[in-house]
Amino acid sequence: MPANRSTGEKRERPDDRGHDERVQADEAPALDPEVEARRIAATSFIHKLGDPVLKSSATAVDRFDDSLRRQVSRMTAIMDDAIGVGLAAPQLGVSQRLLVYRVGPDAPVIALANPRVEWASDESEILDEGCLSIPGITVDVERPVYVRVRAQDEGGEERLVEASGLEARVIQHEIDHLNGILILDRTSRDERKRALRELREAERQREAA
Ligand SMILES: [Zn+2]
């Protein structure tokens with residue numbers, strides 16, 4: 001995985017250089033209007049920075065019923081339409097220890113309930129990460145490269161996931177959401193200041209428009 005590729009929840013585009021959000025935006029191919037309309041509709045369901053649900057610790061899943069499976073389907077549809085690689089239930093305003101991810105367009109969707117990191121490698125790497133709840137910015141986040149995660153699938157069966165690289169990063173990012181932790185909490189003070197400045201600037205431009 002190239003060191004400056006954008007990861008986290010934003011699915012990278014083929015020519016994505018990742019180190020400069022404006023460069024990315026300028027170079028990204030325009031989305032098909034229908035795909036773009038679906039993306040905008042999906043992101044409207046995602047709770048954004050400032051919403052208290054994103055700062056709270058989620059509740060354990062204890063019922064593995066049809067309602068949970070419907071929740072997994074809904075999360076998968078919104079993640080895919082939002083062109084994301086992962087989504088956690090609190091991002092939809094649901095305080096449940098549940099996440100879904102898909103690390104590539106052809107990869108299967110994996111749903112994890114009550115996930116916990118059982119082991120993480122000492123080896124870590126710093127990569128640029130984005131979040132569907134904080135659109136428009138990416139920040140450097142250091143995370144272990146390898147993790148072993150114990151969880152349950154949507155049927156309640158125990159599931160052990162040994163992940164590396166992007167998959168390990170996405171799982172850790174989503175587990176952070178279940179604990180009320182955002183990428184801005186995981187980055188350096190300078191990076192956080194820069195990101196908040198960019199967010200304020202984007203807001204100002206929206207208001208002026
Ligand atoms: Zn996120």
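The following exchange goes through a predicted model of one protein chain.

Colleague: On what basis are the features of this model counted?
Modeller: Residues are numbered from 1 along each chain as its sequence is written. The model is predicted, and totals for chains, interfaces and linings use all residues, while side-chain atom pairs count only at pLDDT 80 or more and local features need pLDDT of at least 70.

Colleague: In what order do the elements of the protein chain run?
Modeller: Helices (H or I, at least four residues) and strands (E, at least two) are DSSP runs numbered from the N terminus. The chain has 5 helices and 8 strands. From the N terminus on, the order is β-α-α-α-β-β-β-β-β-β-β-α-α.

Colleague: In which sense do strand 7 and strand 8 pair?
Modeller: Strands pair if DSSP finds at least two bridges between them. Strand 7 (residues 146–152) and strand 8 (residues 158–164) form a hairpin with 5 residues between them, and Val147 stands opposite Ala163 in strand 8. The two strands have 7 bridges, and the sense is antiparallel.

Colleague: How many residues of helix 4 are buried?
Modeller: A residue is buried if 20 or more other C-beta atoms, placed from the backbone, lie within 10 Å of its own. In helix 4 the buried residues include Val170, Ile171 and Glu174. Of the 14 residues in this helix, the number buried is 11.

Colleague: How far apart are the end C-alpha atoms of helix 4?
Modeller: The expected span is 1.5 Å times one less than the number of residues. For the 14 residues of helix 4 (residues 165–178) that should be 20 Å, and the model agrees, with the end C-alpha atoms 21 Å apart.

Colleague: Why does Tyr101 count as buried?
Modeller: Tyr101 lies in strand 3 (residues 98–101). Among the residues that Tyr101 touches (C-beta atoms, placed from the backbone, within 7 Å) are Ile110, Val170 and Ile171, not counting residues up to four places away in sequence. Tyr101 counts as buried because its C-beta neighbours inside 10 Å number 26.

Colleague: Which element supplies the largest share of the largest nonpolar core?
Modeller: A nonpolar core is a set of buried Ala, Val, Leu, Ile, Met, Phe, Trp, Tyr and Cys residues joined through C-beta atoms within 7 Å. The largest one has 37 residues, and Leu87, Leu99, Val100, Tyr101 and Ile171 touch the most other members. The elements that each supply at least two residues of this core include helix 3 (66–81), strand 2 (86–88) and strand 4 (110–120). The largest share, 5 residues, comes from helix 4.

Definitions and conventions:
Buried ≥ 20, exposed ≤ 12 C-beta atoms within 10 Å, placed from the backbone. Contact = placed C-beta atoms within 7 Å.
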